[in-house]
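Thanks for sending this one over. Here are my notes, written with the bench in mind.

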Amino acid sequence: MSIAPDAYADVLARIARAAQAVGRAPTDVTLVAVSKQQPWDAIEPVLEAGQRVFGENRVQDAMARWENRADGLTLHLIGPLQTNKAKEAIAFFDVVETLDREKLARVLAEEIQRQGRSPRLYVQVNTGEEPQKAGVIPADADAFIAACRTTYGLQPEGLMCIPPADEPAGPHFALLRQIAARNGLHKLSMGMSGDFETAIRFGATSVRVGSAVFGARDA
Ligand SMILES: *Cc1c(COP(=O)(O)O)cnc(C)c1O
């Protein structure tokens, strides 16, 4: 038995309460339901309950799962993107949240030109400067965003971060919001199962929630 759709309804209610608690409209916050590594049995009830925005961390897995079911859905790539998958990613996703280096910016820009299709783009910031994590470091973020705009003609609409697992997330969310504000970016993808209410308090416009919606992932 999967825990959905009760868990799904519960997450939606918690999002709404967290938004209202800081004077925001619940509709200001988009739930990106992270379906990576979930069995279809866990996903189907959530889809049937009306969820239309899903996040996946691997291009190939996402296409295998959603390619014939993508109608009416909004699909977010939330995992690292290799340049050799850029073509598929541009063709398939509605939002790519992991733009984090110039080589990728260049290849994405070329594919956008070639395909005449442009997903919305987020720049991933490695707020904790963790070596194992993707994302531009905070000190390089302004220059990278500027390069995306002027050198590559890309118009990122927001920022994304994954705070270190062993630190309070609040300061990382605050930092991401600061970087967005000074760069004129209005979307903030931050908050996961363990901290999405905190993220909403700090201004998240979308939260990426997997296990709290679908249950623990397959190993
Ligand atoms: C897996 C993943 C999530 C969801 O994590 P949960 O803790 O299951 O909510 C969110 N964001 C990214 C980038 C992920 O890889």
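The points below deal with the ligand and the pocket around it.

1. A word on the source before anything else: this is a predicted model, and the values in these notes are computed from it.

2. Which residues are around the ligand? They are V34, K36, I78, M160, I162, M192, S193, R208, V209, G210, S211 and R217. Sorted by class, this shell holds six nonpolar, three polar and three charged residues.

3. Some of these residues bring polar side-chain atoms to the ligand's oxygen atoms. For K36, a side-chain N or O atom is 2.7 Å from an oxygen atom of the ligand. R217 likewise places a polar side-chain atom 2.7 Å from a ligand oxygen, while for S193 the distance from a polar side-chain atom to an oxygen atom of the ligand is 2.5 Å. On its own the ligand has 390 Å² of accessible area, and the protein covers 88% of that.

4. Where does the ligand sit? The space it takes is the largest pocket, which holds about 350 Å³ of space.

5. As for the walls, 21 residues line the largest pocket, and K36, I78, I162, M192 and R208 lie nearest its centre. The lining of this pocket comprises eight nonpolar, eight polar and five charged residues. K36 is thus worth finding on your screen: its side chain also has the 2.7 Å approach to a ligand oxygen.

Definitions and conventions:
Residues numbered from 1 in each chain as written. Predicted model: local features only at pLDDT ≥ 70, side-chain atom pairs only at ≥ 80, totals over all residues. Heavy atoms only, no water. Near = heavy atom within 4 Å. Polar contact = N/O pair within 3.5 Å; in protein donor to acceptor, adjacent residues only side chain to side chain. Areas by Shrake-Rupley, 256 points an atom, 1.4 Å probe, with all protein chains shown as cover. 1 Å grid on protein atoms, 1.4 Å probe; cavity = no way out; pocket = protein on both sides within 12 Å on 5 of 7 lines; lining within 4 Å. Sits in = over half its atoms within 2 Å of the grid points. Nonpolar A, V, L, I, M, F, W, Y, C, P; charged D, E, K, R; others polar. Points joined across faces, edges and corners; volume = space filled by probe spheres on them.
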